[in-house]
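Trainee: Could you take me through one part of this model in close detail? I'd like to start with one spot and then work outward to what lies around it.

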Amino acid sequence: MYEEKIAQLHLQHIFIRTMWLEAGDYPTLLGSCDLGVCLHTSTSGLDLPMKVVDMFGSGLPVCAVDFQCLPELVKHNVNGKIFKSDVQLADQLFELLSRDENGDNPELSKLREGVKDHNKERWQKQWLKKVKPIFETEIPRPWAMGYPLLFLMVAGLLFGVTKMFPTFSQSLLKR
């Protein structure tokens, strides 16, 4: 399907090849690239593109199309670039893939350093910094609010579980 669409473009100086990669080859391929491009958008605006996580894991800075929560992952001019139009993407690609007389690109090097810094922030460290304080604050416990609220919470949970797993209530009754 995509290969047919690509063929219809009649590109003159651009070659696009598609291939299947084994799981172990994917990070190797990403690691051999200079820059990643992410065209992922989110209908909810709340899900982050895992391809960017893959690229960052391989040390690869990205140019990514903007949407609501993307800046939580891609920090513009720190570990990548965010674009809103094809013109912005073209400008970013030209800026980041051009080389100076020494064959270097200081802006691309700066973004790579930003990806390294991003990769230092591991899951546990982020959890301790951002989530743990929420649980340490004094929050009302259901048993302190009275039994009616606790009953509603349990009833809501059971309703949700039985909607997802219709045989759950039958399994529960057999016990």
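**A loop residue and its surroundings**

Mentor: Let's begin with asparagine 105, which sits in the loop between H4 and H5. Keep in mind that this is a predicted model. Asparagine 105 has a relative accessibility of 6%, so it counts as buried, the cut-off being under 20%. Its side chain reaches two backbone oxygens: that of glutamate 95 at 2.8 Å, and that of serine 98 at 2.7 Å. If you skip the neighbours within four places in sequence, asparagine 105 is in contact with Glu95, Leu96, Leu97, Ser98 and Arg99.

Glu95 takes us on to lysine 81, since the side chain of lysine 81 makes a polar contact with the side chain of glutamate 95, at 3.4 Å. Lysine 81 belongs to strand E3, residues 80-83. With a relative accessible area of 5%, lysine 81 is buried, because the limit for that label is under 20%. Its contacts, again leaving out neighbours within four places in sequence, are Val62, Cys63, Ala64, Val74, His76, Gln92, Glu95, Leu96, Glu107 and Leu111.

Some of those names come up again in the nonpolar cores. The largest core has 15 residues, and the members that touch the most others are Val52, Phe56, Val62, Ala64, Leu70 and Val74. Two elements, H3 and strand E2 (62-65), give two or more residues to this core. H3 provides the largest share, three residues. Take leucine 70 from that group: beyond four places in sequence, leucine 70 is in contact with Leu48, Pro49, Ala64, Val65 and Ile82. There is also a second, separate core of eight residues, with Leu35, Phe83, Leu96 and Leu111 among them. Leu96 and Leu111 were on the contact list of lysine 81, and Leu96 was on that of asparagine 105 too.

Now for the empty space. The largest pocket holds about 1100 Å³. Its lining has 28 residues, and those nearest its centre are Ile16, Arg17, Thr18, Val37 and Leu39. At least two lining residues come from each of helix H1 (2-8), helix H2 (25-31), strand E1 (36-38), helix H3 (50-57) and helix H4 (86-97). By type, that lining splits into 21 nonpolar, three polar and four charged residues.

The second largest pocket comes to about 440 Å³, and 17 residues line it, with Glu72, Leu73, His118, Glu121 and Gln126 nearest its centre. Here the elements supplying at least two residues each are H3, helix H5 (106-120) and helix H6 (123-136). H6 gives the largest share, four residues. The make-up of this second lining is five nonpolar, six polar and six charged. H3 contributes to the linings of both pockets, and it also feeds the largest core.

Zooming out, the chain has nine helices and three strands, in the order α-α-β-α-β-β-α-α-α-α-α-α along the sequence. Of its 175 residues, 21% are buried, and both asparagine 105 and lysine 81 carry that label. As for contacts with a separation of 6 or more, 49% are between residues 24 or more positions apart.

Conventions:
Residues numbered from 1 in each chain as written. Predicted model: local features only at pLDDT ≥ 70, side-chain atom pairs only at ≥ 80, totals over all residues. Heavy atoms only, no water. 1 Å grid on protein atoms, 1.4 Å probe; cavity = no way out; pocket = protein on both sides within 12 Å on 5 of 7 lines; lining within 4 Å. Points joined across faces, edges and corners; volume = space filled by probe spheres on them. Nonpolar A, V, L, I, M, F, W, Y, C, P; charged D, E, K, R; others polar. Core = buried A, V, L, I, M, F, W, Y, C linked by side-chain atoms within 4.5 Å. Buried < 20%, exposed > 50% of the residue type's maximum accessible area, 1.4 Å probe, protein only. Contact = heavy atoms within 4.5 Å. Polar contact = N/O pair within 3.5 Å; in protein donor to acceptor, adjacent residues only side chain to side chain.
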